[in-house]
Amino acid sequence: LDFTLSESQEAYKRTVVEVAKKLRANNHFDEESIEHYKAVLDSIVEGNLFDPLLAEDGEGIGKSFAVITARESFSRYYPFADFVFAEQALAIIPFLLFGNSEQKQEFLPPLINGNLIGGFALTEETSGSDASSLSCKAEKTDDGGYLLTGKKMWISNAPIGDLFIVFARTGEDKRKGVSAFIVDANESGIIKNTIHLAAPHPIGELIFDHFKVDSSRVLGAEGEGFKIAMASLDILRPGVGAHAIGTSKSALDYIIPFTQERISFNQPLSSYQSIQFKMADMYTKIRTAQWLVYHCAWKRDSGMKSTIESSMAKMYATEKANEILYDCTQINGARGVVKDSHLEKLSRVIRPASIYEGTTDVQKMVIHRQLTKMFEEEGEIL
Ligand SMILES: Cc1cc2nc3c(=O)[nH]c(=O)nc-3n(C[C@H](O)[C@H](O)[C@H](O)COP(=O)(O)OP(=O)(O)OC[C@H]3O[C@@H](n4cnc5c(N)ncnc54)[C@H](O)[C@@H]3O)c2cc1C
């Protein structure tokens, strides 16, 4: 395995870091407005930073490793930029995987050049981890179109987005009865409710009541919706791991000088073995997470299946990042719980990462399923 960055990857990473640091200098951390989202989106677009999401032909999936690099660096220096990057990617990836050429031509350019804010609407109030139990329904009309009725909940960008991939029931079968629809959220008839999270994260509900969707707006074939959702999340999960690594590094970068400067019982905190061991554990967690995430990206970029790696990377990196934030905050004493202090902000950002795009329990279900399959096929685990 070689995780050395090529010259062009190095140049890409440098631009990501530059953009993130420039955004950090303006520091609008808790700003959830559409104007802030657009300003961050414009900075990403100006740097051509979405380019690696797409293959060179502009139609297929790009290189995972570059995406990982971007998400890690954005999260380290300006986590909101990672959120914007990831949200656009959540709308772009399903098109790359299942869009027909007209759909790709119509929707990919505006998502990539920042003219449309995207989103991915799968979850409902009673359908979270058990994602195929959704009840939002799409009824066929005489002209071949659909009428969408139901409520999507916990949808990132719901209050500000222009375009959503909405998953709805078109048949009885739990999984094969789900289809994906391209929905223009600026058309009238959709109710959008905001939910305020602890982290800066525009999110909310989308409510449809007999909302008309043209037959040309079905993504993939009717009945492929669940497959589209799972395939897209499989690709995006290691990116959440990279987000967790960037956040963890930012916490450690911050706490190292503090342990050297803070005197307690006449000595710097860094002289105490209990503190040294905590730091050693934290860095080992970061490097282990890095191996899992990079290995997953490397497998995908080498054309290998990486479902088990994707779930392990997401689960491990996000769980460890939460532990790291807990430990860094503990070392920082009272300062770490002051509202808007560096660690308090990072703690708010990282907590939901173990919940969205499949909770830690859901990742364990995927890992166990893959492990069992591997054992059946190989006669032993790899
Ligand atoms: C910040 C944020 C952004 C999000 N953005 C989006 C988005 O853009 N689009 C979208 O569609 N959704 C989004 N979500 C929703 C997210 O995907 C769901 O919250 C997630 O899938 C979990 O569903 P739930 O919250 O309903 O929890 P539940 O499914 O109700 O789970 C509750 C708890 O029970 C556990 N659990 C459930 N089933 C089992 C089981 N069989 N065995 C063991 N434990 C189990 C879960 O792991 C969890 O700990 C977002 C959520 C957050 C927090």
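**Exercise 1. Find which residues Val 16 touches, leaving out residues up to four places away in sequence.**

Step 1. Apply the contact rule: heavy atoms within 4.5 Å. Val 16 then touches Leu 49, Ala 70, Ser 73 and Phe 74.

Step 2. Place the residue. Val 16 sits in helix 1. Helices here are DSSP runs of H or I with at least four residues, strands are E runs of at least two, and both are numbered from the N terminus.

Step 3. Check burial. Buried means under 20% relative accessible area, exposed over 50%, and partly exposed in between, with a 1.4 Å probe and protein chains only. Val 16 has 0% relative accessibility, so Val 16 counts as buried.

Step 4. Add a distance. Val 16 and Pro 268 are 252 residues apart along the chain, and their C-alpha atoms are separated by 35 Å.

The model is predicted: local features need pLDDT of at least 70, side-chain atom pairs count only at pLDDT 80 or more, and totals for chains, interfaces and linings use all residues. Residues are numbered from 1 along each chain as its sequence is written, and side-chain values use heavy atoms, with hydrogens and water left out.

**Exercise 2. Describe how helix 3 meets helix 4.**

Step 1. Choose the descriptors. Two packed helices are described by the angle between their axes and the distance between the axes.

Step 2. Read both values. The axes of helix 3 (residues 64-77) and helix 4 (residues 79-98) come within 5 Å and cross at roughly 145°. Axes are lines fitted to C-alpha atoms, for helices over the stretch in contact; angles run from 0 to 180 degrees between N-to-C directions.

Step 3. List the partners. Helix 3 brings Val 67, Ala 70, Arg 71, Phe 74, Ser 75 and Tyr 77. Helix 4 answers with Pro 79, Ala 81, Asp 82, Phe 85 and Ala 86.

Step 4. Sort them. Eight are nonpolar, one is polar and two are charged. Ala, Val, Leu, Ile, Met, Phe, Trp, Tyr, Cys and Pro count as nonpolar, Asp, Glu, Lys and Arg as charged, and the others, Gly among them, as polar.

**Exercise 3. Classify two of the aromatic pairs.**

Step 1. Set the rule. Rings of Phe, Tyr and Trp (its six-membered ring) pair if their centres lie within 6.5 Å; planes under 30 degrees apart are stacked, over 60 edge-to-face, the rest tilted. The whole structure holds 13 aromatic pairs.

Step 2. Take Phe 3 and Phe 65. Their ring centres are 6.1 Å apart and their planes lie at 20°, so this pair is stacked. Phe 3 lies in the segment before helix 1 (7-26) and Phe 65 in helix 3, so the pair ties together parts 62 residues apart in sequence. Phe 3 is buried at 18% relative accessibility, and Phe 65 is buried at 9%.

Step 3. Take Phe 74 and Phe 85. The centres are 5.8 Å apart and the planes at 50°, so this pair is tilted. Phe 74 is in helix 3 and Phe 85 in helix 4, so the pair ties together parts eleven residues apart in sequence. Phe 74 is buried at 0%, and Phe 85 at 1%.

Step 4. Look for a cluster. Phe 3, Phe 65, Trp 291 and Tyr 294 form one.

**Exercise 4. Characterise Thr 318.**

Step 1. Locate Thr 318: helix 8 (residues 307-332).

Step 2. Thr 318 is buried, at 0% relative accessibility.

Step 3. Leaving aside neighbours within four places in sequence, Thr 318 contacts Val 240, Ala 244, Ala 353 and Ser 354.
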